[in-house]
Amino acid sequence: MNLAASVLTGDRLAISRLLSQVENDTPEGRLALSELFAHTGRAHLIGVTGAPGTGKSSLVNQLARYYRHPKAGENPRRVAIVAVDPSSPFSGGAILGDRIRMRDLAGDSGVFIRSMASRGSLGGLASATASVVQVFDAAGFEVIMVETVGAGQAEVDIARLAHTTLVVEAPGLGDEIQAIKAGILEIADVLVVNKADQPGVENTERALRSMLDLAHPTPRIFRHHGKAEAIPDPAGSPAQPLWITPIQRTVSTEGTGIPEVAEHIARHRAYLQTTGDWQRREHARIQNELETLLRETLVARWRQSTGDDAYQQVLDSLYDRKISPHQAVEKLLASE
Amino acid sequence: MSERRIRVLVAKPGLDGHDRGAKVVARALRDAGMEVVYTGLRQTPEMIAEAALQEDVDAVGLSILSGAHMALVPRVLELLRTNGQEAVRVFLGGIIPDEDVPILKEMGVMGIYGPGTITDDIVRDIVKSVRGAPQP
């Protein structure tokens, strides 16, 4: 049986090995991804982001526990967790420490946790994270949580990948001006104020609430490498209800507020589905993936077809400032 | 194609709470360019084998100072084998009496590194074992 077929049966060793192939972008990994693609598109992708130390891993741990042991009347769901930590810019190595906070999930065959190093990507995810998510989706995990690198202000790639994005804040991290800056707070579908037993939680919540009160409904247009990718206005037509980002206090070490967060996530999913945003986000994500791949493939093919000498010549005239970078590109592409 | 990186799980089975050695080794492996999954204290052999399976690691490092190595190590090796991960290298750190070293190596332990080990030696042994001997 090949790798893709074994993944579809839920074979954990096969899943794990395929994840490595996909992460290393091997021909075998690409082949299996193509075979699995038709089986994807079923999972609810939940992104969890926020500054380092706000408690993302503990929150993911508690949410996963909740999905495995939901309140009476709901079925437990299979949960995959993709936890991304930064790679060292110098050695390329990484310490992947998110599992430390997820020990409650050990021994449950309905949970699969995979740690990933960011490998030089700057948007809070690794370049292979979307593909890793596809493998879990095809393997039948109903909820896939993606925990980003500890993120500051600009790491918003997760909003392009996830259906529902949680931004985790904690008391004492900044004032109201931090809260109205562009970036990570804007992408929140649910805002979580974790460590709510710490002093200063009222101030944090007030700052976030005033930020949300100031917000105007804006179309979600992502700029990626300078190119705009629109996700149509969540407030679309006047007939459509508006999603009001809820703020939820939690103490994830104790589990306080977790059922409420799960409730917000479920409401957001229902909202996306009734408004058609679910499909629009899917389409935007798939288009984004196609364009990224196209860009990478074109550059790789072009590099193969261009002689190193020609490239070096142009680079040398660029070093000497005889031509500009724009002229250099023109020259290189013309010489094909 | 991204470069294939060596992935290592560093875990502390058993009940002693001294994880400094494990952290020093984890940091050294990181600085050597490896991706190190660090699971922290008080891991059972079952938790370690499960993490090794999910993370598809090339090697597992166990730090044991409690004296329970002759119980814990065979169990981890057995579980790795049961899961189809017999190729995963297992190395040990901590306090391992000399007389146990040959027995553990016989069981399949790749290397045993007590106090005073130079971390470069651990790095070299892992790279050699995972990638094969360096090309002349």
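## Exercises on chain B and its contact with chain A

From the N terminus on, the elements of chain B follow the order β-α-β-α-β-α-β-α-β-α. The model is a predicted one.

**Exercise 1.** Determine how many helices and how many strands chain B contains.

*Solution.* Step 1: read the order of elements, β-α-β-α-β-α-β-α-β-α. Step 2: count each kind; chain B has five helices and five strands.

**Exercise 2.** Decide whether the radius of gyration of chain B agrees or disagrees with that of a compact globule.

*Solution.* Step 1: for 136 residues, a compact globule would have a radius of gyration near 14 Å. Step 2: the value for chain B is 14 Å, and therefore the two agree. Step 3: add the extent of the C-alpha trace, which spans about 40 × 35 × 25 Å along the principal axes of chain B. Step 4: add burial, where a residue counts as buried if 20 or more other C-beta atoms lie within 10 Å of its own; buried residues are 45% of the 136 in chain B. Step 5: turn to the contacts of chain B with a separation of 6 or more, of which 72% join residues 24 or more positions apart.

**Exercise 3.** State the order of the strands in the open sheet and identify its edge strands.

*Solution.* Step 1: the six strands, with parallel pairing, are arranged as β3(A)-β2(B)-β1(B)-β3(B)-β4(B)-β5(B). Step 2: β3 of chain A and β5 (111-113) of chain B each pair on one side only, and these are the edge strands. Step 3: from one strand to the next, the twist averages 20°. Step 4: helix α5 (residues 119-131) of chain B packs on this sheet, where α5 touches β1, β3 (59-64), β4 (89-94) and β5 of chain B. The direction of α5 makes about 170° with that of β4(B).

**Exercise 4.** Describe the pairing of β2(B) with each of its two neighbours, β3(A) and β1(B).

*Solution.* Step 1: β3(A) and β2(B) (residues 35-43) pair in the parallel sense over three bridges; here Ile95(A) has Val36(B) as its bridge partner. Step 2: β1(B) (residues 7-13) runs parallel to β2(B) and is joined to it by six bridges; here Pro13(B) is partnered by Gln43(B).

**Exercise 5.** Characterise the side of chain A that touches chain B.

*Solution.* Step 1: the contact takes 28 residues from chain A and 27 from chain B. Step 2: on the side of chain A, α2 (12-23), β3 (94-96) and β4 (111-117) each supply at least two residues. Step 3: the largest share, six residues, comes from α2(A). Step 4: by type, this side of chain A divides into 10 nonpolar, 11 polar and seven charged residues.

Key:
Residues are numbered from 1 along each chain as its sequence is written. Chains are lettered from A and ligands numbered from 1 in the order in which they are written. This is a predicted model: local features need pLDDT of at least 70, side-chain atom pairs count only at pLDDT 80 or more; totals for chains, interfaces and linings use all residues. Helices (H or I, at least four residues) and strands (E, at least two) are DSSP runs, numbered from the N terminus. The radius of gyration is taken over C-alpha atoms; the globule rule is 2.2 Å times the number of residues to the power 0.38. A residue is buried if 20 or more other C-beta atoms lie within 10 Å of its own, exposed if 12 or fewer, and partly exposed in between; C-beta atoms are placed from the backbone. Two residues are in contact if their C-beta atoms, placed from the backbone, lie within 7 Å. Ala, Val, Leu, Ile, Met, Phe, Trp, Tyr, Cys and Pro count as nonpolar, Asp, Glu, Lys and Arg as charged, and the others, Gly among them, as polar. Two strands pair if DSSP finds at least two bridges between them. Axes are lines fitted to C-alpha atoms, for helices over the stretch in contact, and angles run from 0 to 180 degrees between N-to-C directions.
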